[in-house]
Every structure is written in C-alpha cells, then in structure tokens.
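I opened the model today to look up a few points about its helices and loops. My notes follow in the order I took them.

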Amino acid sequence: MNESESKVFEGKSIDDAIDTACAHFETERDKLEIEILADSKGGIFGLVGARKAKIRARLRDNSESLKQIVAEVVEHLIKPIVPSPDMEIEVEGGTRVKVTVHDEENSGLLIGREGQTLASLQYLANRIVAKKWPDPVRVQIDTGEYRERQDDNLRQLALHLAEKAKKIGRVQSTRPLSSYHRRVVHMALQTDEAITTRSKGEGSLKRVLIMPKSARSGGGRRGNYQHHATQQRD
C-alpha cells in the first residue's frame, strides 16, 4: 500500500466512514491521517436533504520517526568503530530500513572477517529496534557496497550451480543461507526454464536446492544432491 495514497470514504456517521477507511487500508485508526470533509445530516424525515459523512484518509507516514530511531540505534552500536558515522537511511515499503555507512577508512573494520562483524551489528540493531518500534521492520546495514558485492557473488554461485545441475543431471545445493540470501538465489534462477529451486532444512540450516527439471522424475536422483560449501569472496 502506498503511504501517500489518499482516498475519500463515506458513511452514516464520521465513525462509520473511519471504520470503512480502516478496513480499506487494513490498519487501525491511529495509523491513519484523517481529514473530515463533511458531517452526516439527517434531513427531513431522514430522507430529504440527508447527507452522509465524508472523510479523506491515508496511511500515516511514520518513516521519519522510524529513521530517527534506527539512526540512534545504529550510531550507538558502531561508534566504537566509527566515532563520527556518516549514515544514509532509506525506508522501503514501510517494513525494511536500509542503513548505508559511508566510511572508506573503517569499512573493513565494520564488515569484519567474512562479514561477521557487520552481521552481528545488524542482528543487534534489529533486536533493539524491535523493542522501540511497534510494527515489524527489518534493518539492513551496509558499508563499502559489501551487501551488493555479496549478493552479486551469490547470484554468480547460483548460476554456476544451475549450469552444473543441467550438465550432470543432478540436484545441486548451496550452503546454509539466511532467508534474504535464499531469496537472492531463487530470484537469480527464476527465469531459467530448465531449473527449479526450493528451500530445504530447518532454521539457520536452510539451503536452496537447485534441480534440473528433467531430474525431478528421474527415479531417486532428486535426493542425491551434492553439497557445495563455496565461500563468497569480497
């Protein structure tokens, strides 16, 4: 739902019109910006001159408040590494907040070995923001374009495993991936008509199986996949 979209609603009363708006936007009253255009009017005998209540409503834009909370949390977490952080914060769809830290000198320290420091900072940021913000949001922290390079490496790995699956006719597997990175793999291969993908495993051990469609009915081949613990490199 576009937060900037506004729409006019009518009802027998202002409250009734607001209830209709809440149902339309699938949210609660306090999350709407409401402008009363006209109150209801009974008219003569409830018929002549009667008028419905009319309001204009849209979703309240809380992005600036969310940005401020995320900025305070992330700044507090990274200050021991970056004393005066220069951050760019974007809210995407109201549920995802992307934080980009611009600091060439310290980006390597923020990322850490194989991205472990960045992953830990992001985990902590999400836990703290979840306690400060009433709605579910996902905070993603990036620096030095690490996330984009990581995603590109993962796309290349997905394409490589897909080609191998088609060549030898056997299911291939990624290493365990987060839900975000599993989605990157699925999206990278969604247009390949010779390949199908699915997630397998539980929790943090979930991986993506890359299967040649010709092998899906190939008598037991489906379960005989090879595990690839290929490391992503920056």
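I began with a helix pair. Ile69, Val70, Val73, Val74, Leu77 and Ile78 in α2 meet Leu121, Leu124, Ala125, Ile128, Val129 and Lys132 in α4. I kept in mind that this is a predicted model.

Next I checked the geometry of that pair. The α2 and α4 axes come within 10 Å, and they cross at roughly 140 degrees. That makes α2 oblique to α4, because only angles over 145 count as roughly antiparallel. I noted the hand as well: α2 passes α4 in a right-handed crossing.

I then asked which residues of α2 are buried. I found Ser63, Leu66, Ile69, Val70, Ala71, Val73, Val74, Leu77 and Ile78. The spacing recalled a rule I use often. An α-helix has 3.6 residues a turn, so residues three or four places apart point the same way.

What covers the buried residues of α2? I listed β4 (87–92), β5 (96–101), α3 (107–111), α4 (116–132) and β6 (138–143) among the elements that do so.

I also tested the length of α2. This helix takes in residues 63–78, 16 residues in total. At 1.5 Å a residue it should span 22 Å, and its end C-alpha atoms are 22 Å apart, so the two agree.

While on α4, I looked up Ser120, which is found in that helix. Is Ser120 buried or exposed? Its relative accessibility is 40%, so I put it down as partly exposed. I took one distance from there. The C-alpha atoms of Ser120 and Leu110 are separated by 9.9 Å, and the two residues sit 10 residues apart along the chain.

I moved on to a second helix pair. Helix α5 covers residues 146–168 and helix α6 covers residues 179–189. Their axes come within 9 Å and cross at roughly 50 degrees. α5 and α6 are therefore oblique to each other. Again I noted the hand: α5 passes α6 in a right-handed crossing. Which residues make the contact? From α5 I wrote down Gln150, Asp151, Leu154, Arg155, Ala158, Leu159 and Ala162. From α6 I wrote down Tyr180, His181, Val184, Val185, Ala188 and Leu189.

Then I went through the loops for backbone angles. Most residues other than glycine have a negative phi. Glu26 has a positive phi, near 55 degrees. I located Glu26 in the loop between α1 (14–25) and β2 (32–38). Its relative accessible area is 72%, so Glu26 is exposed.

Glu145 gave me another such entry. Its phi is positive too, near 55 degrees. Where does Glu145 lie? I found Glu145 in the loop between β6 and α5. With a relative accessible area of 60%, Glu145 is exposed.

I closed with totals for the chain. I counted 6 helices and 10 strands in its secondary structure. How much of the chain is buried? Buried residues make up 35% of its 234 residues. The accessible surface comes to about 14,400 Å², and carbon and sulfur atoms hold 47% of that. Last, I looked at contacts with a separation of 6 or more. Residues 24 or more positions apart account for 59% of these.

Methods
Residues are numbered from 1 along each chain as its sequence is written. This is a predicted model: local features need pLDDT of at least 70, side-chain atom pairs count only at pLDDT 80 or more; totals for chains, interfaces and linings use all residues. Side-chain values use heavy atoms; hydrogens and water are left out. Helices (H or I, at least four residues) and strands (E, at least two) are DSSP runs, numbered from the N terminus. Buried means under 20% relative accessible area, exposed over 50%, partly exposed in between (1.4 Å probe, protein chains only). Contact means heavy atoms within 4.5 Å. Accessible areas come from the Shrake-Rupley method with a 1.4 Å probe; for residues, only the protein chains shown count as cover. The expected span of a helix is 1.5 Å times one less than its number of residues. Axes are lines fitted to C-alpha atoms, for helices over the stretch in contact, and angles run from 0 to 180 degrees between N-to-C directions. Angles under 35 degrees count as roughly parallel, over 145 as roughly antiparallel, 65 to 115 as roughly perpendicular and the rest as oblique. A crossing is left-handed if the near helix is turned anticlockwise from the far one by less than a right angle, and right-handed if clockwise.
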